[in-house]
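Got a new model to get to know? Let's look it over together and ask how each label is earned.

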There are 2 protein chains.
Amino acid sequence: MAYLSVDGRRWASGEKPGRAAEPGEFKFSAVGLDHGHIYSMVNGLKEAGAELKYVWDPDPDKVAAFLRRNPEAKAARCEEEVLEDGETRLIAAAAVPSERCALGLRAMDCGKDYFTDKAPFTSLGQLEAARIKTAATGRKYMVYYSERLHTESSVLAERMIAAGEIGRVVSVSGFGPHRIGPPESRPAWFWDREKYGGILCDIGSHQAEQYLFFAGEEDAEVTAARVGNYGHPEYPELNDFGDCALTGKRGTAGYFRVDWFTPGGLRTWGDGRTLILGTEGYIEMRKFIDVAAERPGHDHVFLVNGAGEQYVNASGLTGCPFFGRLIRDCLERTETAMTQAHAFKAAELSLLAQKKAEEGRTVSWT
Amino acid sequence: MAYLSVDGRRWASGEKPGRAAEPGEFKFSAVGLDHGHIYSMVNGLKEAGAELKYVWDPDPDKVAAFLRRNPEAKAARCEEEVLEDGETRLIAAAAVPSERCALGLRAMDCGKDYFTDKAPFTSLGQLEAARIKTAATGRKYMVYYSERLHTESSVLAERMIAAGEIGRVVSVSGFGPHRIGPPESRPAWFWDREKYGGILCDIGSHQAEQYLFFAGEEDAEVTAARVGNYGHPEYPELNDFGDCALTGKRGTAGYFRVDWFTPGGLRTWGDGRTLILGTEGYIEMRKFIDVAAERPGHDHVFLVNGAGEQYVNASGLTGCPFFGRLIRDCLERTETAMTQAHAFKAAELSLLAQKKAEEGRTVSWT
């Protein structure tokens, strides 16, 4: 039996999601430009029909750079001007991780929905405060778990699973290697445990989210977790390695590993993989690169089941429906893009994993 | 930067190991044909210069099939005839897993070295008995951890690590999916926990061995372990899923997952992978297939480091030096192929993992 390179139209029409809002229907503003993810968040929203109004950051250089790429935005004079703006419905933000919750609470207090870069919290206390505030205000605290929400391979995998291609999901394994790059390119908070939250909290939150989503789990237990610093003794608060096993309430078994060891010779920042094992087949996503292969670009999906081995390049095939759904959810007070409970549970598991690792299993050379 | 498909001669000359014994220098016999691995074990030894003398199994059909593929062998009348044969130096065996130790003890008592299929034990008591016997007799209890010892990708990866290509090894992650095939093709012992030992003990032993070897660890702790039966309720003693996290004495972090869910459409029995993460790069082995790719065959090695992404097909590049070394070790009482301590430690970790999983974390649908 040979393998098939297929175009994926069995699972995806090839039509990307259209605009989710009419002109003037949905305006948002950007506050907090500490992480470059803000650009992708803003792009995703704009492509789905949202209109960008204000931008605010205390650093005028960051604002100037942002305006070059988003010239329609207006630089606000202060945070209050944005939060109190009557037209702005949603605050998109990528502040320093430890500040993300406080900003979200202020936004919700001003009646805004909040859309923050991951990780959304650096402590369980922040999560609790946000849970209380969302309940009290009815506002949303949504999270940009980009490794699933903003990759077409993930959207395609979701559809393959829904179509029954791999039977019932047994296990999800995720690998989230990242390139650290020149240390001087990183802001001070990157190296500060209190500010970035630890590796399982930070880049691990993508993985916890994907486990819950692809396994169809609402809740899970942290079965084991480790963090370590193997290669960066000059930055003792950096975790350059972490891994975690999760056991879902429905019984599935998750595992993920994250690290900051992407070598300089890789053609992109990280060889992220997700392996989804089902009773009738499995899916592998090579999200950002097909390492040492001629296949160009990203979003490589491999499906193996009773019908054979199939390769699908998901680039351009599905678009990312999260953004349009988020806009409609904000307008209609629904939860089609991502439930609040799910966004918080992924964060909770990554915080609990970080805590468990720091209390019990910090790894390093002996 | 593009990737390079290279021929691997930087790490391997392309010369395969030659014969390790002169004609008549090293004779062995085969006892216990319950697992098909016996054929690969015998082939490996014969290719390295060993001469097959006797074969014995209580099932005459198994003996007849064996003789068709190894016509030079002589069918023994009973086990004793083999164990007491003065010319036979080594007993190669693939008995039912729970019987492997008892056979090994008998062989060592008769002054023979023993080379068994994995898993070498199904209980910690058996392991202890074998430790005592090897110490008392000075004989060897070697194990056919084929997923490393008999794959050229593993030999090449070993050489890449030794050449410093990925810096210091931080973590080893292994995936050992297997095809279960038609249930009627499996012997009764396959489904019986007492006889096969559990999935972490059985196919997990390959993985524990590879972790220790590639991480350069002599010992490790079982940090977490799970086993489950997700898809085979009609065989309640089968574990069709297992995973395990290991933390090495030197500080490295290991993880492996094994399962019996290889779908019918895969072109081979399992998409086994080993991911070796180092401080300066990483290696991925796709040992048995490059899923949904044109690259034919097996032993696909991917090396990524500061120099770029490199693909090497290790097939035919290195051979498998284990067998010749084992022959010389038996003749010269050395430990160049694999130390006794290593062979036992890999087994011990897989037994401890199985125990930990059964005591604490049996997973299934809830």
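Q: In this predicted model, what share of the contacts in chain A between residues at least 6 apart in sequence join residues at least 24 apart?
A: That share is 71%. A contact here takes heavy atoms within 4.5 Å.

Q: Why is chain A called as compact as a globular protein of its length?
A: The globule rule gives 21 Å for 366 residues, and the radius of gyration of chain A is 20 Å, close to that, so the label fits. Along its principal axes, the C-alpha trace spans about 65 × 55 × 40 Å.

Q: How much of chain A is buried, and what counts as buried?
A: Of the 366 residues, 64% are buried, and the cut-off for that is under 20% relative accessible area. As for the surface, chain A exposes about 12,900 Å², with carbon and sulfur atoms supplying 51% of it.

Q: What makes S1 and S16 of chain A the edge strands?
A: Each of them pairs on one side only. They belong to an open sheet of 10 strands with mixed pairing, in the order S1-S15-S14-S13-S12-S8-S11-S10-S9-S16.

Q: How do you know that S9 and S10 of chain A pair?
A: Pairing takes at least two bridges, and S9 (residues 220-228) and S10 (residues 241-248) have 8, in the antiparallel sense; therefore they count as a pair. In one of these bridges, Arg226(A) has Asp243(A) as its partner.

Q: Which strands does helix H11 of chain A touch as it packs on the sheet?
A: Helix H11 (residues 340-360) touches S9, S10 and S16, and its direction makes about 50° with that of S9(A).

Definitions and conventions:
Residues are numbered from 1 along each chain as its sequence is written. Chains are lettered from A and ligands numbered from 1 in the order in which they are written. This is a predicted model: local features need pLDDT of at least 70, side-chain atom pairs count only at pLDDT 80 or more; totals for chains, interfaces and linings use all residues. Side-chain values use heavy atoms; hydrogens and water are left out. Helices (H or I, at least four residues) and strands (E, at least two) are DSSP runs, numbered from the N terminus. Axes are lines fitted to C-alpha atoms, for helices over the stretch in contact, and angles run from 0 to 180 degrees between N-to-C directions. The radius of gyration is taken over C-alpha atoms; the globule rule is 2.2 Å times the number of residues to the power 0.38. Buried means under 20% relative accessible area, exposed over 50%, partly exposed in between (1.4 Å probe, protein chains only). Accessible areas come from the Shrake-Rupley method with a 1.4 Å probe; for residues, only the protein chains shown count as cover.
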